[in-house]
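Biologist: I would like a close look at a single part of this assembly, taken slowly and with the cut-offs spelled out. Please keep the answer connected.

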8 protein chains.
Amino acid sequence: MTPREMTRLLARVADGGISVAEAQEKLLCPAFESIGFARIDHHRSLRKGFPEVIFGLGKTSEQIIGILEKMVLRENIILVTRIEPAMAKTVMERFTSAQYHPEARLLCIRKKAPEITGIGTVLIISAGTSDIPVAQEAALTARAMGNRVETLFDVGVAGIHRLFAYQQMILDASVIIVVAGMEGALPSVVGGMVGSPVIAVPTSIGYGTSFGGMTALLGMLNSCASNIAVVNIDNGFGAGYMASAINHVARPKT
Amino acid sequence: MTPREMTRLLARVADGGISVAEAQEKLLCPAFESIGFARIDHHRSLRKGFPEVIFGLGKTSEQIIGILEKMVLRENIILVTRIEPAMAKTVMERFTSAQYHPEARLLCIRKKAPEITGIGTVLIISAGTSDIPVAQEAALTARAMGNRVETLFDVGVAGIHRLFAYQQMILDASVIIVVAGMEGALPSVVGGMVGSPVIAVPTSIGYGTSFGGMTALLGMLNSCASNIAVVNIDNGFGAGYMASAINHVARPKT
Amino acid sequence: MTPREMTRLLARVADGGISVAEAQEKLLCPAFESIGFARIDHHRSLRKGFPEVIFGLGKTSEQIIGILEKMVLRENIILVTRIEPAMAKTVMERFTSAQYHPEARLLCIRKKAPEITGIGTVLIISAGTSDIPVAQEAALTARAMGNRVETLFDVGVAGIHRLFAYQQMILDASVIIVVAGMEGALPSVVGGMVGSPVIAVPTSIGYGTSFGGMTALLGMLNSCASNIAVVNIDNGFGAGYMASAINHVARPKT
Amino acid sequence: MTPREMTRLLARVADGGISVAEAQEKLLCPAFESIGFARIDHHRSLRKGFPEVIFGLGKTSEQIIGILEKMVLRENIILVTRIEPAMAKTVMERFTSAQYHPEARLLCIRKKAPEITGIGTVLIISAGTSDIPVAQEAALTARAMGNRVETLFDVGVAGIHRLFAYQQMILDASVIIVVAGMEGALPSVVGGMVGSPVIAVPTSIGYGTSFGGMTALLGMLNSCASNIAVVNIDNGFGAGYMASAINHVARPKT
Amino acid sequence: MTPREMTRLLARVADGGISVAEAQEKLLCPAFESIGFARIDHHRSLRKGFPEVIFGLGKTSEQIIGILEKMVLRENIILVTRIEPAMAKTVMERFTSAQYHPEARLLCIRKKAPEITGIGTVLIISAGTSDIPVAQEAALTARAMGNRVETLFDVGVAGIHRLFAYQQMILDASVIIVVAGMEGALPSVVGGMVGSPVIAVPTSIGYGTSFGGMTALLGMLNSCASNIAVVNIDNGFGAGYMASAINHVARPKT
Amino acid sequence: MTPREMTRLLARVADGGISVAEAQEKLLCPAFESIGFARIDHHRSLRKGFPEVIFGLGKTSEQIIGILEKMVLRENIILVTRIEPAMAKTVMERFTSAQYHPEARLLCIRKKAPEITGIGTVLIISAGTSDIPVAQEAALTARAMGNRVETLFDVGVAGIHRLFAYQQMILDASVIIVVAGMEGALPSVVGGMVGSPVIAVPTSIGYGTSFGGMTALLGMLNSCASNIAVVNIDNGFGAGYMASAINHVARPKT
Amino acid sequence: MTPREMTRLLARVADGGISVAEAQEKLLCPAFESIGFARIDHHRSLRKGFPEVIFGLGKTSEQIIGILEKMVLRENIILVTRIEPAMAKTVMERFTSAQYHPEARLLCIRKKAPEITGIGTVLIISAGTSDIPVAQEAALTARAMGNRVETLFDVGVAGIHRLFAYQQMILDASVIIVVAGMEGALPSVVGGMVGSPVIAVPTSIGYGTSFGGMTALLGMLNSCASNIAVVNIDNGFGAGYMASAINHVARPKT
Amino acid sequence: MTPREMTRLLARVADGGISVAEAQEKLLCPAFESIGFARIDHHRSLRKGFPEVIFGLGKTSEQIIGILEKMVLRENIILVTRIEPAMAKTVMERFTSAQYHPEARLLCIRKKAPEITGIGTVLIISAGTSDIPVAQEAALTARAMGNRVETLFDVGVAGIHRLFAYQQMILDASVIIVVAGMEGALPSVVGGMVGSPVIAVPTSIGYGTSFGGMTALLGMLNSCASNIAVVNIDNGFGAGYMASAINHVARPKT
């Protein structure tokens with residue numbers, strides 16, 4: 001339950017749209033629920049505006065299904081990240097409405113399409129074609145969290161005129177995610193073109209001294225542009241999540 | 001010249017407050033200016049909303065003074081980062097209005113106090129007392145860029161009740177910077193408490209396997225909270241800059 | 001033969017419950033026994049209170065069986081760690097009473113259930129669901145060595161209220177093992193809550209810059225809490241063993 | 001205030017040894033106290049049985065004195081670690097009863113000698129003469145925390161008969177700290193001799209590929225003895241603290 | 001052709017046992033021979049006393065067979081290292097007298113058993129059972145090069161009495177190879193017991209922070225015993241080769 | 001279209017060999033073309049004298065075919081690097097004239113044999129037989145780019161007379177590529193023999209501390225010969241490309 | 001003596017300009033000369049077209065002077081690299097005609113200005129002002145070796161329009177050296193603009209995760225542009241030397 | 001006391017040259033002696049043929065003097081390694097017969113010149129002039145241990161003809177030490193020329209990616225020559241010690 005949903009619930013209580021008893025039951029959802037191998041954080045939506053996201057890596061399909069069974073009772077949208085196709089198939093047999101995006105290894109269960117609540121547009125740029133899966137994970141995450149999302153793929157620095165042809169699109173974005181492997185130079189160039197915040201995502205694309213993305217990561221951390229912050233290698237999910245947090249920056253309540 | 005300043009200039013032309021010739025001269029400032037050892041980027045304010053910042057490390061005081069002499073003709077505020085006290089002293093003999101913050105190794109020349117233009121408050125949290133210099137660099141940068149800034153120092157995870165005592169202050173912030181050395185665990189805990197964007201800054205405080213801040217950096221990149229992005233070790237300036245970019249996230253123009 | 005077992009044996013000699021000849025044979029067990037590819041350390045129980053544990057990695061099933069055949073003649077309980085299912089199956093065909101725990105990759109042969117001899121309770125906490133296999137290896141080891149063991153899984157720092165809900169359980173433990181991957185921040189938070197000794201176990205859960213658990217390990221070594229010591233990545237066995245050593249801390253003999 | 005001290009205080013209230021008002025004032029000490037650059041954790045004694053320890057590295061002498069001024073009002077013993085001689089001198093001008101141990105870089109303020117409360121003896125072994133400063137930091141810490149401490153220096157593995165000459169002393173210890181640089185092999189040998197818990201402390205003694213203690217640390221983490229856990233490089237303080245925690249392992253309250 | 005073989009050839013010329021023409025042909029063997037993908041070094045026996053050894057890794061079986069076909073015409077013994085079973089099988093179909101040692105992944109073709117020419121005995125010690133394959137590669141290499149070889153397996157430092165039981169055998173060896181994984185502490189202990197040269201071989205046995213043998217390697221390089229030099233991880237072949245070079249140390253010719 | 005091809009096109013317009021309309025169409029090729037997952041850089045031939053090369057790693061065969069379909073309309077020669085056999089097979093079903101070199105994992109589509117335009121000869125030297133695949137990738141690339149290429153394989157430093165036997169061939173080359181794994185010492189020796197530029201290519205051949213080619217790379221970067229520059233590990237393609245750039249060094253236009 | 005100088009000498013013998021005896025003495029210069037602590041390579045000019053360059057690091061001023069005394073008898077130009085000011089001063093007292101460039105830490109002794117023999121222009125680009133010392137070392141080296149040299153400083157990627165303003169200068173160069181610290185992205189952008197060979201020089205400018213230039217180096221090795229090769233960190237000398245080798249690429253002799 | 005000295009002592013007892021009482025006193029020297037901060041290993045000469053060597057790093061001059069005072073009573077020769085000039089001066093005021101070699105940072109106290117007992121000659125080769133201090137440490141150590149020693153400096157691979165000019169000297173040596181920094185290629189070339197054992201010593205000479213000698217070390221460990229083993233970076237002492245052990249390889253006693 002997000003704060004926005006709680007406000008609506010209370011408003012409906014106020015105008016009689018829902019009985020006190022019903023509202024109470026919905027509100028009495030415990031802060032977390034233990035199912036032995038997991039303790040599901042039901043208050044995460046309230047605290048953070050989006051429910052707990054299930055990290056698929058290292059979990060069994062039984063564990064994922066067990067967690068989902070508790071969460072679907074309470075949440076409108078649930079994401080499972082880094083879930084391999086075979087395991088996704090098993091989960092989808094139980095939750096037939098779930099959607100799986102194999103390229104991004106992301107599974108999504110949602111009761112309705114997310115409302116657009118973000119301030120502006122999140123633009124996702126990839127340096128190469130091979131970086132697209134990570135970029136897609138970021139795009140799907142940001143969309144699921146209520147943001148308008150645009151993408152621009154394969155505009156790496158070795159042919160930099162490709163990037164400049166989209167200058168207006170880049171200037172118009174509120175938040176920019178730049179996904180790049182190898183030397184990871186693209187965020188510096190994009191960061192130098194705009195004043196808006198740039199989230200840099202290193203990918204493990206490369207070989208030899210790319211060290212599974214470490215080189216791209218280090219390049220991004222040492223960028224000579226300053227409106228840049230970095231997430232973990234191949235962490236498209238985190239980039240999309242952070243972009244959404246930025247795109248929902250709140251005015252002070254008072 | 002920031003976009004905002006250009007708008008004002010053109011408005012003054014429109015209402016006769018400034019002659020066309022004067023306005024033209026101001027606008028004809030070249031995109032950059034070469035002084036041999038440097039090519040000063042005069043259009044950076046226009047592109048990014050803030051003038052070029054001088055990175056002091058590895059420059060001589062002659063070079064810094066040379067760059068400043070060109071910039072003070074055109075900019076309202078100029079920052080020099082990572083400038084040691086002795087060199088700052090030399091620079092301040094030439095620019096007597098400059099202010100030096102020795103703890104943060106930051107020098108600032110400004111014609112007037114920066115206007116508050118950010119959406120909300122930038123909160124800067126440090127894990128320990130030893131992390132304060134980096135936190136101060138972030139605070140001074142964010143203030144110089146037009147943001148309301150609050151600070152909260154020495155609330156590390158070994159006595160986590162100290163952090164929870166300031167829960168409301170943390171919830172009220174629009175953007176949060178968390179500065180921590182050693183194991184760098186504080187951003188994860190703060191990130192788990194709120195939905196707003198968190199910028200994590202690892203510091204080089206520690207010894208042995210802290211590896212000059214690498215351990216804190218790695219911890220932050222692998223945070224189990226997702227509303228977190230990371231900047232370089234001890235990069236308080238970059239964190240303040242990025243926080244300001246986030247705190248100025250723009251609605252789409254159309 | 002543990003020191004406790006030797007005391008009993010001698011007591012039985014004293015009260016005539018066993019003949020001198022029989023006792024002598026039992027005591028004449030050599031300090032170690034060579035079987036070509038291995039030299040089995042029969043005195044380890046005497047020195048350390050627990051027999052040699054067989055490290056399965058890199059051994060053939062023939063070698064493991066060969067070692068076990070010698071050990072079962074003398075020991076009440078034997079552990080084989082890091083043994084894969086296929087190899088465990090072969091071993092269990094020979095030793096039908098052996099029990100295999102596939103999640104923890106641990107095989108156990110025991111003649112009777114271990115007696116509880118530890119001072120208090122060993123509590124094993126895991127940060128995430130994916131860390132459970134390592135936590136289970138620790139739990140099984142500590143139980144086999146005569147300790148009362150409790151477990152608490154999936155209470156990572158991103159939802160820290162889950163942890164605080166179990167504050168009493170944590171305060172009541174004599175020794176605590178904390179198992180965590182990714183940024184490895186949980187031991188710092190637990191260590192800050194209590195005065196009892198905490199053993200931190202980094203796991204290889206994570207991706208990108210988690211470097212197979214190195215990031216969690218470094219975080220734990222640099223913890224700002226001081227009642228913490230660390231074992232190797234994924235070394236649930238070592239953590240359980242060390243916890244048992246701590247939970248059996250002896251008063252001075254005189 | 002430690003739990004033991006609180007019990008005594010309450011007992012004195014019960015038998016009229018102290019007035020209710022006086023007791024209340026002592027108990028009303030806040031959980032922490034803010035002095036701008038620091039938030040002093042006054043409840044740490046209650047939670048952990050020992051007051052907050054001041055980490056000297058990166059702090060100014062003004063900051064250390066400021067923290068001490070608040071703490072001396074409430075604590076019987078206070079430690080400052082990693083404090084250089086010049087800074088220690090400044091601190092001792094303000095707190096004339098403070099004692100400084102230059103080899104261990106440890107400063108101690110105490111109102112009375114600590115009572116021996118630990119279960120048995122903590123034995124501190126160093127591999128070489130050059131490792132003594134770290135071993136001394138461990139010894140001083142463990143003594144300050146109420147433990148009987150013995151030391152055994154320069155018994156490295158290149159002349160292993162020196163170690164075996166002290167076998168009985170080693171067997172008699174309840175907890176053992178082993179301090180070693182270079183290849184860090186000594187904890188494995190000691191760990192193989194006994195069943196009691198061993199805390200291994202790598203030191204930065206060595207050159208070339210000793211990598212400032214990293215080699216010793218890695219060796220200790222990979223020890224083939226299992227009753228071993230490791231602390232950070234040169235972290236004599238942490239080893240002494242952990243040893244004390246182990247040496248105070250509590251029986252369950254019920 | 002080794003120098004010793006050349007001496008014999010010339011002696012046979014001198015005493016008429018072989019015709020000048022025959023001898024000339026044998027001696028006219030070119031310094032090396034090109035077969036496109038390889039340039040076989042026929043003079044290596046002359047320079048180094050042992051023919052070129054074929055490094056199997058990364059070569060096709062066609063390439064190995066091609067090289068062997070040239071070498072068998074001229075050499076009495078040929079080794080192929082790091083050759084996998086499937087490839088060895090293909091090679092043995094062509095060279096039916098070849099012998100393959102699967103544990104050591106070593107293939108050997110020899111026309112007669114090597115003569116014992118070394119000064120004393122090469123003793124090969126392994127710390128654990130899992131280190132035996134590397135130890136066997138060393139043993140087979142040293143035997144092929146004309147050395148008396150003894151082995152002593154599974155005498156690691158966690159039960160150091162096992163090692164001391166073989167003290168005389170260790171003192172009697174002329175050269176000692178010590179093979180160990182994990183923390184790699186055994187060479188230090190052995191090196192401290194004797195004055196003879198010790199070759200330390202780190203193995204990749206271990207997990208987590210053993211880093212595929214890097215930890216053992218670093219430990220050995222930093223040994224506090226000085227009669228130790230180190231070879232690459234898992235390089236049993238190199239250790240056997242170096243031991244043979246040491247065991248054939250020549251008196252000066254004049 | 002390379003600059004040379006453009007010159008010819010314009011000459012043909014001048015002498016009536018092609019109509020203005022046809023020439024215009026050829027010249028109106030856009031600077032790049034978007035096909036969703038890729039933005040093909042059609043101007044790369046003009047800027048760099050050789051068309052964009054497709055990096056196969058991480059792309060699907062559908063993506064590669066999609067890019068090729070656009071490129072074959074405009075380019076005379078196209079390379080796809082790091083493409084595995086199975087994927088190459090799929091591509092060749094669509095482009096039947098394509099040639100695949102499995103050892104070098106390189107696929108080439110060309111309309112006619114490349115003209116020799118380089119200044120002199122590019123010589124490619126490999127240290128061992130196992131380094132040949134990388135050397136072949138370099139040779140194929142340099143040939144495709146219009147260079148005379150010679151090769152010299154298996155002349156590593158352990159039998160350095162093999163190298164000196166080819167001294168004249170080495171002295172005659174205009175550019176030299178040296179491919180080596182393990183310790184990567186060969187470029188230093190070759191670089192010391194000549195004054196012409198040497199491109200060093202580390203390979204991942206080796207084991208243990210060769211760290212997948214990192215050791216060879218570091219050795220080459222620290223060469224005591226100064227006419228050496230280095231490319232990424234196993235980057236035969238880059239070495240061939242750079243050698244071609246060197247072998248086409250242009251006199252100044254004026 | 002360079003090959004060119006030898007040709008002239010022989011021509012002068014042919015036309016009687018020098019006596020046979022004098023020529024013989026000049027030619028009889030030994031291949032190298034031993035002075036105890038050094039073996040000076042007098043044939044290096046012949047082999048490589050430029051005399052041995054003295055690497056100043058780790059040598060005493062006595063050693064440098066001793067080597068120079070032998071070399072000045074035979075060479076027209078001598079460079080000493082990485083020589084600190086104090087040591088340079090001592091050397092210049094002995095060789096008063098020597099010139100010292102403190103920024104580049106380069107000392108040069110030359111009998112006459114070097115003749116321009118290179119094919120085209122070597123252009124040296126630096127990303128920042130702080131990178132200039134390394135760029136100057138490259139420029140001085142390339143000039144000393146007979147090349148026309150141009151420089152372009154402070155055109156880093158954060159204000160990429162500065163770079164494009166010099167597009168013609170970049171296109172006109174025959175060889176380009178790009179010097180950059182921090183993320184090292186500039187060589188990729190420059191390499192993408194031209195077809196000529198680019199030598200990338202990482203510098204140690206940066207902090208935190210720049211790891212003394214390692215990040216820039218890794219970025220350059222993983223460049224998505226292919227006409228790039230890399231030299232060691234801060235190795236301006238090597239870059240200038242390699243650029244000269246490229247700029248002198250020879251046509252085949254036949 | 002070395003075994004040889006003990007034999008002589010007993011012979012003198014036998015022939016009446018020394019009284020039984022005197023001999024007994026000499027023999028009753030304890031195995032080791034404790035002086036608080038050190039436990040001096042008096043039996044090391046007996047076990048290893050050379051007394052304990054004092055590692056100066058990290059010791060105070062008081063500690064060194066204290067150890068020496070005990071050792072000079074019993075040993076004929078004592079070495080202190082890695083002792084800085086100032087500390088050496090203090091020690092020499094107490095032991096006026098001590099000799100200090102500042103280049104090698106080695107201090108030696110000896111009662112008479114060591115007897116030559118080694119089999120052949122130890123040859124010490126350095127790649128560059130800057131590597132001489134480490135080479136000297138090796139030479140002094142080997143001489144002190146009773147070996148004939150020759151040296152050959154500055155024969156690195158960039159001018160490899162310098163090395164080949166000394167081919168006979170190299171072939172005549174019984175043991176060879178090769179000292180090299182930077183890429184560390186020299187041991188491979190030397191190892192390929194001879195069959196005798198080669199000890200490779202990496203030095204910290206170099207910059208940038210030489211990583212304080214790590215690059216040279218890795219190169220040596222991966223040498224394609226097999227008669228090579230390696231010691232720690234800058235460990236000239238260890239190389240000399242190991243060379244002496246090799247040069248004293250003993251025939252079997254029976």
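How much area do chain C and chain E bury between them, and what share of it is on carbon and sulfur atoms?

Modeller: This is a predicted model, in which local features need pLDDT of at least 70 and side-chain atom pairs count only at pLDDT 80 or more, whereas totals for chains, interfaces and linings use all residues. Residues are numbered from 1 along each chain as its sequence is written, chains are lettered from A and ligands numbered from 1 in the order in which they are written, and side-chain values use heavy atoms, with hydrogens and water left out.

Chain C and chain E bury about 1,700 Å² between them, and 56% of that area is on carbon and sulfur atoms; buried area here is the accessible area (1.4 Å probe) that two parts lose on being put together, summed over both. On the side of chain C, the residues that lose the most area to chain E are C:F32, C:R39 and C:F55, which together account for 32% of what that side buries. Counted by contact (heavy atoms within 4.5 Å), the interface brings 22 residues of chain C together with 20 residues of chain E.

The polar side of this interface can be described pair by pair. The rule for a salt bridge (a side-chain nitrogen of Lys or Arg within 4 Å of a carboxyl oxygen of Asp or Glu) finds one across the interface of chain C and chain E, and the side chains that meet in it are those of C:E52 and E:R162, at 3.9 Å from N to O. Polar contacts are pairs of N or O atoms within 3.5 Å, where within protein one must be able to donate a hydrogen and the other to accept it, and residues adjacent in sequence count only if both atoms are side-chain atoms; across this interface there are 11 residue pairs in polar contact, both residues at pLDDT 80 or more. Four elements of chain C, namely β1 (32–34), β2 (39–41), α3 (44–48) and α10 (214–221), each supply at least two residues of the side that touches chain E, with helices (H or I, at least four residues) and strands (E, at least two) taken as DSSP runs and numbered from the N terminus. By class, that side of chain C has nine nonpolar, six polar and seven charged residues, where Ala, Val, Leu, Ile, Met, Phe, Trp, Tyr, Cys and Pro count as nonpolar, Asp, Glu, Lys and Arg as charged, and the others, Gly among them, as polar.

The two chains are also related by symmetry. A turn of 90° with a shift of 0.0 Å along the axis lays chain C on chain E with an RMSD of 0.1 Å, by least squares on the C-alpha atoms of residues with pLDDT of at least 70 in both copies. That is the relation of a four-fold axis, and the C-alpha of chain C nearest the axis, 7.6 Å from it, belongs to C:F211.

Other pairs of chains have no such interface: chain E and chain G do not touch, their nearest C-alpha atoms being 21 Å apart, and no contact joins chain B and chain H, whose closest C-alpha atoms lie 15 Å apart.

Over all chains, the salt-bridge count comes to 56. One of them joins D:K70 and D:E33, with the closest N and O atoms 3.5 Å apart; D:K70 lies in helix α4 (residues 61–71) of chain D and D:E33 in strand β1 (residues 32–34), so the pair ties together parts that are 37 residues apart in sequence.
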